[in-house]
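Here is a short tour for anyone who likes to look at a fold one residue at a time. Keep the viewer open and follow along.

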Amino acid sequence: MTATNGDPHGSSYGALTADDVARIRMDFPVLDQLINGKPLVYLDNAATTQKPRPVIDAISNYYLHNNANVHRGVHTLSQRATDDYEVGREAIRRFINAPDSSEIIYVRGTTEGLNLVASSYGRKFFKAGDEVIITGMEHHSNIVPWQILGKEIGIRLRVIPFTDQGELLMDEYESMLNERTRLVSVVHQSNALGTINPVSSIVEMAHARGIPVMIDAAQSIPHMPVDVQAMGADFLTFSGHKMYGPTGIGVLWGRADLLNEMPPYQSGGEMIRSVTYEETIYNVIPHKFEAGTPDIAGAIGLGAAVEYLEAIGMDRIAAYEQALMRYGAERLAEIEGVRLIGTAENRGGVLSFYMESAHAHDIGTILDAEGIAVRTGHHCAQPVMARYEIPATVRASLSFYNTTEEIDALIKGIDRVIEVFG
Ligand code: PMP
């Protein structure tokens, strides 16, 4: 596997400097281009992040030199592919401080991680009348799988409300926990609001009643250290493409004792130990949950992404992005007619805003003409929009490769929106 080029980004202590960021930007070839005649300002990182050269190289290297199926061949290429695929798994284990790499299950992304738990764990352990608790700021992928299960077996979804700022009402959460609660499944960082939820307290309160907790870490894992043991979680899932890795690959981590109790999610090759027409014996974890030929190049690319993030340092990434987000929030607050949606004290690099004078899509189009990429719409979190009684927001979401100059460009772009729409 291609590793990162040592520690390419300066000292490993303190927040990233402007020089560090300038060097980092050179690792991302896609950033260096004009869009509509203007330098690209990529502020759609919550939707997907750009890929650094070591990730692209790791994927190319696999296809150029090592392409073969994993786990099945005795020949050299298959051994190399298997080694790199498993090195990726170990890198991910280290990154989230999981106790054992057999608990790292490769999936397509967060959506599949959530569906796997709903389908496998839910079908085995839930019965009519049971309850699953989520927050009011979930992505649709942490709502719909439970709803489908609800229709099938009659479970009830309970939703923790939040304040206008976007902070969970923890007293309400506590009062929802009861003997019917089978699982708490919550988002770590909201993609629509940026709120970083107090997951350790959420876990503690659930565990006090023997209830397991699943964490949707899609938006937190690219931006802060995530340690599943410190957090105390029982399941955690995330997507490679939001953490500088490829699309089509992600991870479900689960406690081994829970995963061992769960039935397979999909079936076929790889997930079996032996098959006869009378009986099939399943493979051990993680293979039990990895039916079929996996996204081998994706897993290798994700391993490279993890190494890239480790080389920079998650603490430094978090500190830099916090400062950038605070700067952006201050600049946006100065503009009359712009309402920031999501102002929780503890929040990540998401600047979601609403303007009465212009529809979010029109704002996005004007910004695109200025070379600025933002997301507009409901961000797959329609209940969050309903909570604020707005149809959509414009969301600028940050990465460690963004700069204050790019925030200034966004502000100038919004000035342009005001010129057009008043
Ligand atoms: N949860 C959250 C909080 C997200 O932001 C997203 C992606 N927007 C998802 C889940 C789903 O991720 P994916 O589409 O990669 O499966």
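Is Asn66 buried or exposed? Bear in mind that this is a predicted model. Asn66 has a relative accessible area of 6%, under the 20% cut-off, so Asn66 counts as buried. Asn66 sits in helix H2, which covers residues 53-66. Leaving aside residues up to four places away in sequence, Asn66 touches Asn61, Leu77, Arg80, Ala81 and Asp84.

**The chain as a whole**

Let us step back for a moment. The chain holds 14 helices and 17 strands. For 422 residues, a compact globule would have a radius of gyration near 22 Å, and the chain agrees because its own value is 22 Å. Along the principal axes, the C-alpha trace spans about 75 × 55 × 35 Å. Buried residues account for 56% of the 422 residues. The chain exposes about 17,100 Å², and 51% of that area is supplied by carbon and sulfur atoms.

Contacts and charges add to this picture. Take the contacts between residues at least 6 apart in sequence: 71% of them join residues at least 24 apart. As for charge, the chain has 34 positive and 53 negative charges, and the mean positions of the two sets are 4 Å apart.

**A buried phenylalanine**

Now turn to Phe238 in strand S9, residues 235-239. Its relative accessible area is 0%, which means that Phe238 is buried. What does Phe238 touch, not counting residues up to four places away in sequence? The list comprises Ile92, Ile96, Gly109, Thr110, Ala217, Ala218, Ile221, Met243, Gly250 and Val251. Phe238 can also be paired with Ile105: the two are 133 residues apart in sequence, and their C-alpha atoms are 11 Å apart in space.

**A link from Arg25**

Another pair that is separated in sequence involves Arg25, a residue of helix H1 (residues 18-26). Arg25 and Thr403 are 378 residues apart along the chain, yet 10.0 Å apart from C-alpha to C-alpha. Beyond residues up to four places away in sequence, Arg25 touches Leu31, Leu40, Tyr401, Asn402, Thr403 and Glu406. With Glu406 there is also a polar contact of 3.4 Å between the side chains.

**Backbone details in the loops**

Some loop residues deserve a look at their torsion angles. The peptide bond from Ile285 to Pro286 is cis, with omega near 5 degrees. Pro286 is found in the loop between strand S12 (280-282) and helix H10 (296-312).

Where does Cys380 lie? Cys380 is in the loop between strand S16 (375-377) and helix H13 (382-388). Glu389 lies in the loop that runs between H13 and strand S17 (393-397). Each has a positive phi in a residue other than glycine, as the table shows.

| Residue | Phi | Relative accessible area | Class |
|---|---|---|---|
| Cys380 | near 55 degrees | 33% | partly exposed |
| Glu389 | near 55 degrees | 73% | exposed |

Why do the classes of Cys380 and Glu389 read as they do? Glu389 counts as exposed because its 73% is over the 50% cut-off. Cys380 is partly exposed because its 33% falls between 20% and 50%.

Conventions: Residues numbered from 1 in each chain as written. Predicted model: local features only at pLDDT ≥ 70, side-chain atom pairs only at ≥ 80, totals over all residues. Heavy atoms only, no water. Helix = DSSP H or I, 4+ residues; strand = E, 2+ residues; numbered from the N terminus. Contact = heavy atoms within 4.5 Å. Polar contact = N/O pair within 3.5 Å; in protein donor to acceptor, adjacent residues only side chain to side chain. Rg over C-alpha atoms; globule rule 2.2 N^0.38 Å. Buried < 20%, exposed > 50% of the residue type's maximum accessible area, 1.4 Å probe, protein only. Areas by Shrake-Rupley, 256 points an atom, 1.4 Å probe, with all protein chains shown as cover. Lys, Arg positive; Asp, Glu negative; His and termini not counted. Charge placed at Lys NZ, Arg CZ, Asp CG, Glu CD.
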